[in-house]
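Biologist: I am new to this structure and would like to learn how to read it. Could we take one helix as a starting point and work outwards from there?

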Amino acid sequence: FLMLSILFAVGYRGDWFLERVVRRLPFFSDKLLQRLEYLIINFLDGLKGLKGKRRFLSFAASTVIIWLLESVMVWLVSQAFSLELSIPQSLFIIVAIGLGTMIPSSPGYIGTYEFFAINALETIGIHDSSALGFTLTLHIIMLLGTSAIGALCLAASGQKVFKFRAGPQEYRINDGRIDPA
């Protein structure tokens with residue numbers, strides 16, 4: 001909720017933040033300040049999609065639902081391993097994994113995912129060998145779930161996997177549908 005609030009505030013008052021905070025940082029060189037300003041302007045451009053209360057509330061509601069569903073999934077897998085996690089503890093594990101996998105790593109976050117999940121479990125007080133089995137099972141379920149959804153979306157779009165090798169295609173929006181040009 002804190003991050004959503006910050007996104008909301010920066011989305012509406014981003015120019016103020018840029019003018020009052022970033023451009024007045026005395027310890028950055030001009031080159032670094034220009035680069036930082038460029039990154040913030042691009043970030044603010046990305047937040048333009050959240051302008052408007054309805055869009056923002058839709059985004060916030062979707063975000064909360066997704067995090068809760070993932071927490072329930074962690075809780076269900078923990079029950080299979082007799083770890084007895086609560087929903088808030090499951091949410092903590094998902095947040096730790098989410099923050100940890102922001103670090104660039106191998107495809108599928110193999111290794112990084114396990115490292116942060118096991119450390120989150122240790123923080124909660126789970127130190128036994130079932131933590132590794134739980135973490136590996138959870139990672140496989142998450143990978144297979146997102147891969148299956150991606151494959152279904154790819155099939156529903158009518159695209160073929162090897163067609164993407166031909167390079168980028170032009171698309172146009174036609175009565176709300178996206179069609180190849």
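Modeller: Let us begin with length: the expected span of a helix is 1.5 Å times one less than its number of residues, so the 14 residues of helix α4 (residues 87-100) should span 20 Å, and its end C-alpha atoms are indeed 20 Å apart, which agrees. Helices here are DSSP runs of H or I with at least four residues, numbered from the N terminus. The model is predicted, so local features need pLDDT of at least 70 and side-chain atom pairs count only at pLDDT 80 or more, while totals for chains, interfaces and linings use all residues. Residues are numbered from 1 along each chain as its sequence is written, and side-chain values use heavy atoms, with hydrogens and water left out.

Biologist: Which residues of α4 are buried?

Modeller: Buried means under 20% relative accessible area, exposed over 50%, and partly exposed in between, with a 1.4 Å probe and protein chains only. In α4 the buried residues are Ser90, Ile93, Ile94, Ala96, Ile97 and Gly100. They cover an arc of only 160° around the axis, which puts them on the same side of α4; the arc is that of the directions from the helix axis to the C-beta atoms. On the other side of α4, Pro88 and Leu99 are exposed.

Biologist: What covers the buried residues of α4?

Modeller: The cover, judged by contact (heavy atoms within 4.5 Å), includes α3 (53-80), α5 (112-124) and α6 (130-157).

Biologist: How many residues does the largest nonpolar core have?

Modeller: In soluble globular proteins, nonpolar side chains tend to be buried together. A nonpolar core is a set of buried Ala, Val, Leu, Ile, Met, Phe, Trp, Tyr and Cys residues joined through side-chain atoms within 4.5 Å. The largest one here has 17 residues, and those with the most contacts inside it are Val74, Leu85, Ile93, Leu121, Phe134 and Leu138. To this core α3, α4, α5 and α6 each supply at least two residues. Apart from it lies another core, of seven residues, among them Val10, Ile40, Leu47 and Phe56.

Biologist: Is histidine 139 buried or exposed?

Modeller: Histidine 139, which sits in helix α6, is buried, with a relative accessible area of 4%. A polar contact is a pair of N or O atoms within 3.5 Å; within protein, one must be able to donate a hydrogen and the other to accept it, and residues adjacent in sequence count only if both atoms are side-chain atoms. One such contact, of 2.5 Å, joins the side chains of histidine 139 and glutamate 114, and the backbone oxygen of glycine 108 lies 2.8 Å from a polar atom of the histidine 139 side chain.
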